[in-house]
Amino acid sequence: MVKVLADKIEGQYILLEARSDDLKVWRFYYMGVQKDLFRNWFLLTRYGRKGTEGRQKEYIFSQSDDLIQKARQVFKKRLKANSRIGVNYAVVNADLSLFLR
């Protein structure tokens, strides 16, 4: 069962954007899932102000279940952005199946 789930999550991604002209907030947040040659899982996050390169973080996992847990944790935090930055993130482009289970 884990193998089937793992095959389905490789290559999934989500791109979020938080934008408010009034608050001068223009931010993006990207999360993507990849696998390396050593069969480790990577959760790649890139975030920052629109128009910049932003910052990048990589989380490495040996088990896909751990990756899924971290991805959902990060995604839920983005959903609560209104309390931190005054505007919510909206989905711009995605394969959401990993994040919405």
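Two strands count as paired if DSSP finds at least two bridges between them. With that term in place, the tour can begin; please note that the model is predicted.

Select first strand 1, residues 13-20. Its side chains alternate along the strand: I14, L16, A18 and S20 face one way and are buried. Turned to the other face are Y13, L15, E17 and R19, which are not buried.

Next, keep L15 in view and add strand 5, which spans residues 90-94. Opposite L15, in strand 5, stands N93. The pairing of strand 1 with strand 5 is antiparallel and runs over 4 bridges.

Now add strand 2, residues 25-35. This strand also pairs with strand 1 in the antiparallel sense, over 8 bridges. To see one such contact, select R19 together with W26, its bridge partner in strand 2. Between strand 1 and strand 2 lie 4 residues, and the two strands form a hairpin. In the turn, select K24, whose phi is positive at about 55°.

Finally, turn to the largest pocket, with a volume of about 200 Å³. Its lining has 14 residues, and those closest to the centre are R27, Y29, Y47, R78 and Y89. Strand 2, strand 3 (41-49), strand 4 (55-61), helix 2 (64-79) and helix 3 (81-85) each give two or more residues to this lining. Colour strand 3 separately, for it supplies the largest share, 4 residues. If the lining is coloured by class, 6 residues appear as nonpolar, 2 as polar and 6 as charged.

Definitions and conventions:
Residues are numbered from 1 along each chain as its sequence is written. This is a predicted model: local features need pLDDT of at least 70, side-chain atom pairs count only at pLDDT 80 or more; totals for chains, interfaces and linings use all residues. Side-chain values use heavy atoms; hydrogens and water are left out. Buried means under 20% relative accessible area, exposed over 50%, partly exposed in between (1.4 Å probe, protein chains only). On a 1 Å grid over the protein atoms alone, a cavity is a set of points where a 1.4 Å probe fits but cannot get out, and a pocket is an open set with protein on both sides within 12 Å along at least five of seven lines; lining residues have an atom within 4 Å of a point. Grid points are joined across faces, edges and corners, and a volume is the space filled by probe spheres set on the points. Ala, Val, Leu, Ile, Met, Phe, Trp, Tyr, Cys and Pro count as nonpolar, Asp, Glu, Lys and Arg as charged, and the others, Gly among them, as polar.
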